[in-house]
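Visitor: I'm new to this one. Could you walk me closely through a single part of it?

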Amino acid sequence: MTKVAIWCRHKDDNIIGIGPNIPWHIKSDFQRFRRITEGQNIVAGQTTYESFPNRTLPNRNIYVLTLEKDYTTSDPEHHFVVNDINFFKDFEQDIYISGGASIYKLFMTGGPNLMPDIVVDCVYMGELNPNLKGKEVAITDCINVLNEKYSQVMPNFELDNIATRVLIRKGEFIEQSVLKRIILEITQF
Ligand SMILES: NC(=O)c1ccc[n+]([C@@H]2O[C@H](COP(=O)([O-])OP(=O)(O)OC[C@H]3O[C@@H](n4cnc5c(N)ncnc54)[C@H](OP(=O)(O)O)[C@@H]3O)[C@@H](O)[C@H]2O)c1
């Protein structure tokens, strides 16, 4: 029942993507994402889902948000199509919100039953890949909500030019076992 958002954004401009791509390639960033989400349920927008290699991520159930009623996934046993964000209001298992920008925004601004309980906020301090073409995708709206409604629960953890923060929703009950596991996955690299 815990909702966790996890992203990596570029410092200052909050860019998370250019076109369909993440504009940096840091191995430990992918590893951190894998360690936190492996064995879990994740939710991704259709654009992000299509950008996963072979439209999959091993050892995870993927809920794909799309308005297309007849959208088909690469693995119907483990990947599920969701047409309405409200599906997650009463979701009974933990869910890891994994982008892209439109999906982070739907959850972060979606009211008390959608807002993540925990946010893993990774900030990349290097340069963006200058060779990518396409629209810059940023999550500034989400960072404004984060700054107002969340508080940081561990010091920044820095690795490979990425500073990772963990924040929880102010005034809400947080499942400590989930929080503890996430912090361990981040700090015990
Ligand atoms: N750095 C990171 O941490 C990170 C993580 C993930 C993604 N990204 C990047 O983020 C970018 C993609 O973000 P994005 O915002 O363009 O796309 P997205 O959020 O991945 O997917 C957008 C799609 O989600 C579906 N959708 C949106 N709102 C919906 C709603 N209310 N109900 C049902 N479905 C809905 C729509 O699919 P249909 O058009 O099929 O209806 C929409 O086209 C890429 O560059 C990706 O690499 C970065």
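Visitor: Which strands and helices each supply at least two residues of the shell around the ligand? And once that's clear, please stay with strand E3 and what surrounds E3.

Guide: One thing up front: this is a predicted model. Now to your question. Strand E1 (3-10), strand E2 (15-18), helix H2 and helix H3 (101-108) each give at least two residues to the shell around the ligand. There are 26 residues around the ligand, and the ones that come nearest are Gly17, Gly45, Thr48, Gly99 and Gly100. Sorted by class, that shell holds 12 nonpolar residues, 13 polar ones and one charged one.

Gly45 is a handy way into your chosen part, since strand E3 covers residues 41-45. E3 is mostly covered, with four of its five residues buried. Let's look at its partners one at a time.

On one side of the story is strand E4, residues 61-65, which pairs with E3 in the parallel sense over five bridges. You can follow the pairing by picking out residues: Asn41 sits opposite Asn61 of E4, and Ile42 sits opposite Ile62 of E4. What links the two strands? Helix H2 (residues 46-51) joins E3 and E4 in a right-handed β-α-β unit. That's the H2 we met among the suppliers of the ligand shell.

E3 has another partner, strand E6 (residues 95-97), and here too the pairing is parallel, over two bridges. Val43 has Ile97 as its bridge partner in E6. Both Val43 and Ile97 turn up again in the largest nonpolar core, a group of 40 residues, where they're listed with Val4, Ala5, Trp7 and Tyr104 as having the most contacts inside it. Trp7 is worth a quick detour: leaving out neighbours within four places in sequence, Trp7 is in contact with Ile16, Gly99, Tyr104, Asp121, Cys122 and Ile139. Gly99, you'll recall, is also one of the residues that come nearest the ligand.

Back to E4 for the next step outward. Like E3, E4 is mostly covered, with four of its five residues buried. E4 also pairs with strand E5, in the parallel sense and over four bridges. Leu65 finds its bridge partner there in Val82.

Between E4 and E5 (79-82) runs a loop, and Thr66 is found in it. Thr66 is partly exposed because 17 other C-beta atoms lie within 10 Å, whereas being buried would take 20 or more. Skipping residues up to four places away in sequence, Thr66 touches Gln46, Tyr71, Val81 and Asn83. Thr66 and Leu106 are 40 residues apart in sequence, and their C-alpha atoms are 13 Å apart in space.

For contrast, try the loop between E5 and E6, where you'll find Asp90. Asp90 counts as exposed because it has 8 C-beta neighbours inside 10 Å, and the cut-off for exposed is 12 or fewer. Asn113 is 23 residues away from Asp90 along the chain, yet 7.8 Å separates their C-alpha atoms.

So much for the tour: E3 pairs with E4 and with E6, and H2 completes the β-α-β unit with E3 and E4.

Note on methods: Residues are numbered from 1 along each chain as its sequence is written. This is a predicted model: local features need pLDDT of at least 70, side-chain atom pairs count only at pLDDT 80 or more; totals for chains, interfaces and linings use all residues. Two strands pair if DSSP finds at least two bridges between them. A crossover is right-handed if, with the strands pointing away from the viewer, the path from the first strand over the helix to the second runs clockwise. A residue is near a molecule or strand if its C-beta atom, placed from the backbone, lies within 6 Å of it. Ala, Val, Leu, Ile, Met, Phe, Trp, Tyr, Cys and Pro count as nonpolar, Asp, Glu, Lys and Arg as charged, and the others, Gly among them, as polar. A nonpolar core is a set of buried Ala, Val, Leu, Ile, Met, Phe, Trp, Tyr and Cys residues joined through C-beta atoms within 7 Å. Two residues are in contact if their C-beta atoms, placed from the backbone, lie within 7 Å.
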